[in-house]
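Student: Please take a close look at the nonpolar interior of this model. I should also like to see how a few places elsewhere in the chain are described in the same terms.

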Amino acid sequence: MNYKTVVLKRGKEESLKRFHPWVFSGAIHHVDNDVKEGETVKVMTENGDFIAVGHYQIGSIAVRVLSFHDVEIDSNFWESRLKSALDTRLAIGVADNPNNNTYRLVHGEGDNLPGLIIDCYGKTAVMQAHSVGMHVCRHEICQALTKVMGERILHVYYKSETTLPFKAELGQENGFIYGGSDDNTAIENGLRFHVDWLRGQKTGFFVDQRENRMLLEKYATGRSVLNMFCYTGGFSVYALRGGAKLVHSVDSSAKAIDLTNRNVEMNFPADQRHQSFCDDAFKFLDANENKYDLIILDPPAFAKHRAALHNALKGYTRLNVKGFESIKPGGILFTFSCSQVVTKENFRNAVFTAAALAGRKVRILHQLHQPADHPINIYHPEGEYLKGLVLYVE
C-alpha cells in the first residue's frame with residue numbers, strides 16, 4: 001500500500017480522531033508533489049502517525065475519508081462496505097420487499113462511502129459519484145456491487161455528468177456501465193413510477209420522500225390536494241390512492257408535468273380527480289387562494305452553499321407565507337427543505353416567521369426527516385439534509 005501522503009498541520013487531526021470523514025484544505029500542511037486528484041492517499045499527522053486513508057480532491061474538502069484503519073482500498077474493501085450497506089437495508093425492510101423495489105443502497109457518508117450514491121430501482125442500480133475519487137473507482141465499485149447484490153441487480157447506470165466538479169479531462173458520463181435495460185418502471189409501496197435516470201434530477205426519483213408520501217396518503221381522504229413543485233408526481237399518486245377528492249399537481253417544468261401525468265395514468269388511468277399545471281408556484285398560489293385544504297410545498301434546494309443561506313431562508317419564509325395565506329381553515333400543510341446548509345432550527349424559524357406574517361394559528365403535527373435508507377453517520381451531522389413539518393392551520 002504505497003499510497004502518497006497528505007500531512008496535516010499540528011493539531012488539525014482532532015476532528016479525525018472524532019471520526020469526522022472530511023479533511024479540509026486549510027488543515028493540510030503539505031501534500032506529496034505528484035498526488036493526482038481522485039487518488040487514494042494516506043492522511044498523516046505532523047509527527048508521522050497514520051490517521052486515515054481516503055480520496056484526495058482539489059477544493060475545500062480535500063480528503064474524503066474511506067477508513068480510519070490502515071487498509072488497502074481494493075475489491076475486498078468495496079465488497080465489505082457494500083455488503084454492510086445491503087445488510088442495513090435488509091434489516092430495515094426496504095430491500096427484498098416485493099411491495100417496494102425502490103430504495104437507496106448507499107448514502108455517501110451515512111454508509112462510510114463519502115462521495116458515492118447508489119439508488120436501486122427494480123433490477124437497475126443508478127450510481128452517482130459526487131467526488132473525483134469515486135468517479136475514478138466507478139468500475140471497481142460496479143464490479144463489487146454486482147457481486148454483492150447477485151440477482152438483485154442486473155444493470156448499473158452511471159450518472160455523474162452534473163455531480164462532479166467540472167474538469168475538461170475527467171470523462172464525466174451518463175450511461176450503463178453494466179448490463180442495460182429499457183425498463184424504467186419501479187415499485188414504491190405498491191405504486192408504480194417511471195424513473196427518468198437519463199435526464200431526471202438526482203438519480204431520477206426522490207427516494208427520500210417515500211415514508212413522507214405514505215404519511216400524506218393517510219391525510220388525503222376527502223381533501224382537495226395541491227402538490228406544488230410536483231416533479232414526478234409522487235405525492236399526487238399517493239394522495240389519489242388515499243382517497244383525495246381532487247389533486248392538482250404544479251411545476252414550472254413541462255418535462256416534470258409530463259412525467260407526473262404518466263405516473264398518474266399508470267396507477268389511476270383516466271382518473272378525473274387529477275389535473276396538472278405548468279406554472280410558477282407563486283403565481284399559481286396567488287390565483288388559487290382558499291381552494292385547497294391539503295398543500296405540499298417541496299421545493300428544490302434553495303441553498304446549495306453556505307453563502308446562499310440568508311437568501312434561502314428568506315425564500316422559505318416567502319413561500320410558506322403564501323402557503324399559509326392560500327390554505328383553507330382546518331387545512332394541513334406539508335412543508336419541506338432539502339437544503340443541507342439549512343438546519344432544522346433555521347427551517348423551523350423560517351416557517352414560524354411565515355405563520356406569524358400570515359396571521360394564522362398553526363400547530364405542528366409531525367416533524368419529518370429523511371428515511372432509514374438515507375442514514376446519518378453519527379460523526380457527520382451534516383448528513384441530515386431533509387427537514388419537514390406537517391402543520392394544522394386554523
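Tutor: The answer begins with the interior and then turns to cysteines, the surface and some loops.

The model is predicted, so to speak of a local feature requires pLDDT of at least 70, and side-chain atom pairs count only at pLDDT 80 or more, while totals for chains, interfaces and linings use all residues. Residues are numbered from 1 along each chain as its sequence is written, and side-chain values use heavy atoms, leaving out hydrogens and water.

A nonpolar core is a set of buried Ala, Val, Leu, Ile, Met, Phe, Trp, Tyr and Cys residues joined through side-chain atoms within 4.5 Å. Buried means under 20% relative accessible area, exposed means over 50%, and partly exposed lies in between (1.4 Å probe, protein chains only). In soluble globular proteins, nonpolar side chains tend to be buried together.

The largest nonpolar core here has 35 residues, of which W78, L82, L105, I118 and M127 touch the most other members. Two or more residues come from each of α2 (75-91), β7 (102-107), β8 (116-121), β9 (124-129), α3 (132-136), α4 (138-149) and β10 (155-159). These elements are DSSP runs numbered from the N terminus: helices are H or I with at least four residues, and strands are E with at least two. The most is given by α4, with 6 residues. For L82, residues up to four places away in sequence are not counted, and V106, L113, I118, I141, A144, L145 and V148 are the ones touched. Contact here means heavy atoms within 4.5 Å. Another core, of 32 residues, lies apart from it, and its members include Y157, V207, L368 and V390.

L368 appears again around N212, a residue of helix α5 (residues 210-219). Beyond neighbours within four places in sequence, N212 is in contact with F235, F334, F336, L368, H369 and L386. N212 is buried because its relative accessible area is 5%.

Cysteines come next. A disulfide is a pair of cysteine sulfur atoms within 2.5 Å, and the search of the whole structure finds 0 disulfides. C142 is in none, its nearest cysteine sulfur being that of C120, 12 Å away. C142 counts as buried because its relative accessibility is 5%. C338 has its closest cysteine sulfur in C230, and the separation of 15 Å is too far for a bond.

On the surface, F19, I378 and Y379 form a nonpolar patch with about 350 Å² of accessible area together. Such a patch joins nonpolar side chains (Val, Leu, Ile, Met, Phe, Trp, Tyr) within 5 Å, or like charges within 9 Å, using residues with over 30% relative accessible area and no salt bridge. A salt bridge is a side-chain nitrogen of Lys or Arg within 4 Å of a carboxyl oxygen of Asp or Glu. The areas come from the Shrake-Rupley method with a 1.4 Å probe, and for residues only the protein chains shown count as cover. F19 sits in the loop between α1 (14-17) and β2 (22-24), and at 38% relative accessibility it is partly exposed.

Two other loops deserve a look. A372 lies between β19 (362-369) and β20 (387-393), and is partly exposed at 39%. Leaving aside neighbours within four places in sequence, A372 is in contact with I92 and E211. N290, in the loop between α8 (281-287) and β17 (294-297), has a positive phi of about 60 degrees although it is not a glycine. Most residues other than glycine have a negative phi.
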